[in-house]
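Student: I have a structure to go through with you. Let us look at it together.

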Amino acid sequence: MFKSKQQVLHISIFLSIVMLVSACGGNMIKPIRKDVIGQATVRNITVVALPSADSSTIAAKVKTAVRKEATKELKGKMQVDLKIMLNKWNGTDKQLGGKVTSRLFGSKTDIGGDIKVLDINTGAVIGEYSIYQQRKVGGLLDNSITFFDIDTAVIDDFATYTVNELE
């Protein structure tokens, strides 16, 4: 089937890249106006957690992460507002036993939502896209130990992809 070990290696690397890319990123719902991309800075951020993203703290965490990323990356002169509707959140706060259980048995943490880019003068939607991000980790029983907070990492990744669409 395969002619050499090198061919198997190349196919394995290709499949790994495809799986990595498919596990994150976003989908454009309404393309962002061309005059906004690369010229934006964020004025206001509104984050709403829908019932499907049931968490009392997720909206505040996402807002803080997006604000931090936007301040660091967006240096344009055109101000926009962001409205983020979180429709998915599965983190360690929802697991029985919380972070202790996830460290022992592993977990899948994921977040998803729709982002609207709004004109600050009219409130009109000048772009809309969705972002989904996830991380799966093993646990002590799977011989894979994580030394970072998975929830924070997923939220930071979500914030990065949110802001990247405006760069």
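Student: Which residues does Ile111 touch, not counting residues up to four places away in sequence?
Tutor: This is a predicted model: local features need pLDDT of at least 70, side-chain atom pairs count only at pLDDT 80 or more, and totals for chains, interfaces and linings use all residues. Numbering runs from 1 along each chain as its sequence is written, and side-chain values use heavy atoms, without hydrogens and water. Contact means heavy atoms within 4.5 Å. On that basis Ile111 touches Ile58, Val62, Leu86, Lys88, Trp89, Ile131, Tyr132, Gln133, Val154, Ile155 and Phe158.

Student: Which element gives the most to the largest nonpolar core?
Tutor: Such a core is a set of buried Ala, Val, Leu, Ile, Met, Phe, Trp, Tyr and Cys residues joined through side-chain atoms within 4.5 Å. Buried means under 20% relative accessible area (1.4 Å probe, protein chains only). Of its 32 residues, Val62, Ile84, Leu86, Ile111 and Leu166 touch the most other members. Strand 2, helix 2, strand 3, strand 4, strand 5 and helix 4 each supply at least two residues; the most, six, come from helix 4.

Student: Which residues are buried in helix 4?
Tutor: Helices (H or I, at least four residues) and strands (E, at least two) are DSSP runs, numbered from the N terminus. Helix 4 covers residues 150–164. Its buried residues are Ile150, Asp151, Ala153, Val154, Ile155, Asp157, Phe158, Ala159, Thr162 and Val163.

Student: What pattern does the protein follow along the sequence?
Tutor: There are four helices and five strands. Read in order, they give α-β-β-α-β-α-β-β-α.

Notes:
Expected span 1.5 Å × (residues − 1). Buried < 20%, exposed > 50% of the residue type's maximum accessible area, 1.4 Å probe, protein only.
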